[in-house]
Amino acid sequence: MGEGRRERLLDYLHRKPEASVEDLAQFLAVSKMTVHRDLDRLQELRVLRKTRGGATLLPSIIFEADYAFRIRQNRNLKQALAKAVAELVDPGMAVIIDDSSTTGAVLDELDAVRPLTVITNSLNLTNRLVKSSNLSVICLGGRYDPVTGGFFGLVCESATSRLRADLAIFSTAAVQGSSAYLHDQDVVRAKLAMRSAADRSVLVFDHTKIGKSALNYFSSLAQFDDVFVDDGVDLQHADLLRREKVNLKLVAAAAEIEGDRRQAC
């Protein structure tokens with residue numbers, strides 16, 4: 001009973017990322033005390049965060065929104081970026097793809113690229129990949145995190161250190177200046193291990209990540225061979241990145257930005 005109610009609560013927040021206790025109590029037809037208990041439990045599982053008088057799925061400096069919420073955000077921008085990144089992938093390659101929703105969109109653009117070996121720590125991507133033919137899938141094990149839908153920790157890092165890949169594709173939660181940040185230190189360590197295992201690494205993110213904050217430093221953008229961002233980025237910030245020796249690739253996405261705005265309405 002409680003699990004079903006909490007699933008309905010999360011479904012509500014996926015449609016309306018911020019809600020008050022009063023809103024949730026009315027929607028679920030339960031008492032405010034019951035809502036508070038449900039929110040406490042879901043916060044323990046790190047799938048939402050409580051706010052004064054309610055709850056939200058929106059990220060904060062220490063809270064990463066869950067994968068199911070993130071994958072719905074800026075879909076058209078992610079697809080435009082994914083098409084550009086997919087051009088780097090040739091048949092016969094071994095490619096590392098991280099657990100982010102942005103890099104997950106790259107899979108949609110790789111149907112014609114076979115044979116291919118994909119290495120990932122993402123359960124969501126693994127479930128999609130195993131259904132494809134002429135595709136070798138290596139899933140990096142470890143501690144499963146239900147918020148990101150990925151595997152992390154010593155097992156993941158150890159497995160990664162025994163592999164080599166032609167290309168590694170990453171995204172990030174936040175960009176400040178010319179640096180990338182992530183919410184969780186285990187995620188940072190896993191991504192750094194994956195980058196060390198690849199001959200070439202790229203970072204891809206949409207312009208809405210710029211100016212956001214996350215707790216843990218990930219990397220200087222200049223440490224990636226290529227950095228893809230859509231052309232919604234502020235031109236002054238783009239110039240800053242180039243001065244910092246970032247190999248910036250601007251992806252035309254004006255139509256996609258307008259599409260995301262229509263979807264949000």
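## Gln223 in the loop before S14

In this predicted model, Gln223 is placed in the loop that runs between strand S13 (216–220) and strand S14. With a relative accessible area of 48%, Gln223 is partly exposed, and its side chain forms a polar contact of 3.1 Å with the side chain of Ser219.

Once residues up to four places away in sequence are set aside, Gln223 touches Arg195, Ser201 and Tyr217. A further relation across the chain is that between Gln223 and Val246, which are 23 residues apart in sequence and have C-alpha atoms separated by 7.8 Å.

## Asp226 in strand S14

Asp226 belongs to strand S14, which spans residues 226–230. Its relative accessibility is 3%, and because the limit for a buried residue is under 20%, Asp226 counts as buried. The side chain of Asp226 is joined to that of Arg200 by a polar contact of 2.7 Å.

Arg200 also appears among the contacts of Asp226 when neighbours within four places in sequence are left aside, together with Ser201, Val202, Leu203, Asn247 and Lys249. Ser201 is thus in contact with Asp226, and Ser201 is likewise touched by Gln223.

## The two sides of helix H8

Helix H8 covers residues 154–161, and its buried residues are Cys156, Glu157 and Thr160. These residues lie on the same side of H8, because the arc they cover around the axis is only 95 degrees. Such an arrangement can be read against helix geometry: an α-helix has 3.6 residues a turn, so residues three or four places apart point the same way.

On the other side of H8 the exposed residues are Leu154, Val155 and Ser161. The cover over the buried residues of H8 includes strand S8 (150–152) and helix H9 (185–196).

## Cysteines without a disulfide

A disulfide is a covalent bond between the sulfur atoms of two cysteines. A search of the whole structure finds zero disulfides. Cys139 takes part in none, and the cysteine sulfur nearest to its own, that of Cys156, is 8.7 Å away; for Cys156, which is also in no disulfide, the nearest cysteine sulfur is that of Cys139, at 8.7 Å. Because a disulfide requires a pair of cysteine sulfur atoms within 2.5 Å, the separation of 8.7 Å between Cys139 and Cys156 does not qualify.

The surroundings of these two cysteines can be described as well. Cys139 is partly exposed, its relative accessible area being 37%, whereas Cys156 counts as buried at 0% relative accessibility.

Methods:
Residues numbered from 1 in each chain as written. Predicted model: local features only at pLDDT ≥ 70, side-chain atom pairs only at ≥ 80, totals over all residues. Heavy atoms only, no water. Helix = DSSP H or I, 4+ residues; strand = E, 2+ residues; numbered from the N terminus. Buried < 20%, exposed > 50% of the residue type's maximum accessible area, 1.4 Å probe, protein only. Polar contact = N/O pair within 3.5 Å; in protein donor to acceptor, adjacent residues only side chain to side chain. Contact = heavy atoms within 4.5 Å. Arc of directions from axis to C-beta.
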